[in-house]
Amino acid sequence: MPVIRTWQLTAGATAVGLALAAGAVAVAGPWDSGQRRAEREWAAGDRPPGGAPGPERPAPAPAPAPSAPAVLSPLGARAATAPADGKPGGLGEELAPLLDDPALGSLRTASVVDATTGRRLYGKGEAKPMTPASTIKIATAAAALTALGPDHRIPTSVVASGRELTLVGGGDASLDRAMLRTLAERTARALRERKTGSVELAYDTSLYAGDPMHPIGVNGNLAPVTALMVDQGRIDAESRGSSERSDDPAGEAARTFARMLSERGVRITASPAPGRAADDARALAEVRSRPLSALVERMLTDSDNDIAESLARQTAVAGGRKASFAGAERAVREQLARLNVPLAGARFADGSGLDRNGRLPARLLTALLARSAEPGRPELRTVLTGLPVAGFNGTLESRYPGDAPGTGLIRAKTGTLTGVNTLSGTVAAPDGRLLAFAFLAGKTPARDPAQDALDRLASALAS
């Protein structure tokens with residue numbers, strides 16, 4: 001890792017430390033196992049005919065490392081940003097020309113607030129509903145954390161009635177083969193204690209309702225949304241990013257589980273079949289996901305669509321709604337209403353942002369980020385800590401060169417669909433404050449120039 005990035009990250013940590021002194025969020029390192037880089041791929045359903053992802057641009061050679069004083073001194077050097085649009089020396093003067101970049105297309109909106117106070121610093125069309133693409137995951141995260149809390153874990157369980165076993169999906173989109181193997185080991189041990197050597201196996205996905213297929217149809221960025229899946233329904237369990245998915249992830253998970261049981265001496269008398277657990281079934285074994293806070297960080301850092309749709313449905317279950325696309329939409333709105341944020345014009349058509357019918361105003365995104373920074377809402381903290389760090393990880397890893405003013409100082413959720421480019425997050429400003437921003441662009445002519453324009457807007461807040 002280039003030395004300059006370490007210094008810039010140190011500067012960002014210092015600025016956020018100052019925000020902490022004012023009662024804001026502690027910014028810790030996000031989840032970063034590198035599971036997927038979905039935002040670097042064009043969503044299959046959004047590609048033009050014959051289209052393909054653009055080549056990844058190589059990062060430039062790092063610049064010489066600056067001295068500590070050169071990096072740290074600006075933290076208290078600039079006067080506080082003027083709140084009014086367009087006044088001399090204010091953010092309007094800095095941001096307006098950047099927002100007028102033709103690369104951002106004909107629809108652009110912006111919102112910038114002080115994350116510690118929620119005070120508006122700059123806005124342009126911030127109340128206008130826009131297609132948010134994956135920045136909607138900020139709303140999904142805030143709703144799920146509000147409904148369930150950061151410590152909630154999603155179960156996958158096995159229940160038994162005599163020799164009938166049922167694998168019950170709890171909606172954990174992070175379930176992988178290692179976790180499923182643990183469940184098989186626990187199940188086999190319990191069966192040995194019962195002196196049961198052969199069983200029938202069913203699998204239960206009834207927690208979720210409605211059509212499991214996302215409105216975009218078959219897409220390498222998202223498996224059918226079901227309460228039971230392993231390795232996110234990937235045909236190649238080692239694949240990452242956009243890749244071929246099973247059209248029956250629940251059945252594949254059950255068949256994989258059956259093989260694991262067989263390897264542990266349990267005889268499966270018939271192929272696994274869908275079904276509901278018997279009324280008298282008793283719990284036999286269980287595994288649980290990592291805490292919801294960790295799932296939120298993973299979803300935001302790597303723009304994980306499968307986890308996003310899972311968390312939207314978990315929100316629906318917690319709110320007593322049907323765990324369908326429609327039920328999740330209502331539940332997300334209900335949970336966000338508890339946060340007293342501006343919901344006028346918002347539509348949460350899905351949890352991932354792949355559905356173009358979703359709509360968010362820029363001011364809603366900055367309001368959610370500001371809520372997440374409030375000292376009295378620690379349950380929302382991972383909405384901020386999960387955001388990718390510019391030039392370091394997740395979907396911003398390759399978007400900021402080592403010498404860019406925003407590298408290491410910006411944490412933001414990206415959003416990319418054909419003709420839609422968005423960026424929303426936080427930045428450590430030179431005056432020591434933590435700012436929340438949202439820049440949403442529609443009808444953009446090309447992806448890379450639009451992303452560069454968005455990155456310049458965010459960088460302007462850091463310089």
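How many helices and how many strands does the secondary structure of the protein come to? The count is 12 helices and 11 strands. Before going on, I should say that this is a predicted model. Of the 463 residues of the protein, 57% count as buried. Now the contacts: taking those with a separation of 6 or more, 72% are between residues 24 or more positions apart.

I will start with helix packing. Two packed helices are described by the angle between their axes and by the distance between those axes. We have two pairs to go through.

The first pair is H5, residues 177–193, and H6, residues 249–263. They pack at an angle of about 50°, and their axes are 9 Å apart. An angle between 35 and 65 degrees counts as oblique, so H5 is oblique to H6. The crossing of these two helices is right-handed. Which residues of H5 and H6 make the contact? On the H5 side they are Arg177, Leu180, Arg181, Leu183, Ala184, Thr187 and Ala188. On the H6 side they are Ala253, Thr256, Phe257, Met260 and Leu261. Sorted by class, the contact of H5 with H6 has 8 nonpolar residues, 2 polar and 2 charged.

The second pair is H4, residues 136–148, and H10, residues 362–372. Here the angle is about 40° and the axes are 10 Å apart. That angle makes H4 oblique to H10. As for handedness, H4 passes H10 in a left-handed crossing. H4 brings Ile138, Ala139 and Ala142 to the contact, and H10 brings Leu365, Leu368 and Leu369. By class, the contact of H4 with H10 has 6 nonpolar residues, with no polar and no charged ones.

Staying with H4 for a moment, look at the loop between strand E2, residues 120–124, and H4, where Ala127 lies. Is Ala127 buried, exposed or partly exposed? Its relative accessible area is 38%, and a value from 20% to 50% is what partly exposed stands for, so Ala127 is partly exposed. Leaving aside its neighbours within four places in sequence, Ala127 is in contact with Pro361 and Arg363. Ala127 and Thr109 are 18 residues apart in sequence, and their C-alpha atoms are 8.4 Å apart in space.

Next is helix H7, residues 292–302. How many of the residues of H7 are buried? The number is 11 of 11, and the helix is described as mostly covered. The buried residues include Leu292, Val296 and Leu300, but also Glu297, Arg298 and Asp302. What covers the buried residues of H7? The cover includes H4, helix H8 (305–318), helix H11 (382–385) and strand E9 (410–417).

Take one residue of H7 as an example, Ser293. The relative accessible area of Ser293 is 17%, and because buried means under 20%, Ser293 is buried. Setting aside neighbours within four places in sequence, Ser293 is in contact with Leu145, Pro150 and Thr382. After H7 comes Ser303, which has a positive phi, near 50°.

That brings me to backbone angles. Most residues other than glycine have a negative phi. Two further residues can be set beside that rule.

Asp231 is not a glycine, yet its phi is positive, about 55°. Asp231 lies in the loop between strand E5, residues 198–204, and H6. With 14% relative accessibility, Asp231 counts as buried.

Asn340 also has a positive phi, near 55°, and is a residue other than glycine. Where is Asn340 found? Asn340 sits in the loop between helix H9, residues 325–337, and H10. Is Asn340 buried or exposed? Its relative accessible area is 62%, and exposed means over 50%, so Asn340 is exposed.

Last item, the aromatic rings. How many aromatic pairs does a search of the whole structure find? The search finds 1. The pair is Phe437 and Phe439, with ring centres 5.3 Å apart and planes at 25°. Planes under 30 degrees apart count as stacked, so this pair is stacked. Both Phe437 and Phe439 are buried.

Note on methods:
Residues numbered from 1 in each chain as written. Predicted model: local features only at pLDDT ≥ 70, side-chain atom pairs only at ≥ 80, totals over all residues. Heavy atoms only, no water. Axes fitted to C-alpha atoms, helices over the stretch in contact; angles between N-to-C directions. Helix = DSSP H or I, 4+ residues; strand = E, 2+ residues; numbered from the N terminus. Parallel < 35°, antiparallel > 145°, perpendicular 65-115°, else oblique. Left-handed = near helix turned anticlockwise from the far one by under 90°. Contact = heavy atoms within 4.5 Å. Nonpolar A, V, L, I, M, F, W, Y, C, P; charged D, E, K, R; others polar. Buried < 20%, exposed > 50% of the residue type's maximum accessible area, 1.4 Å probe, protein only. Phe/Tyr/Trp six-rings, centres within 6.5 Å; stacked < 30°, edge-to-face > 60°.
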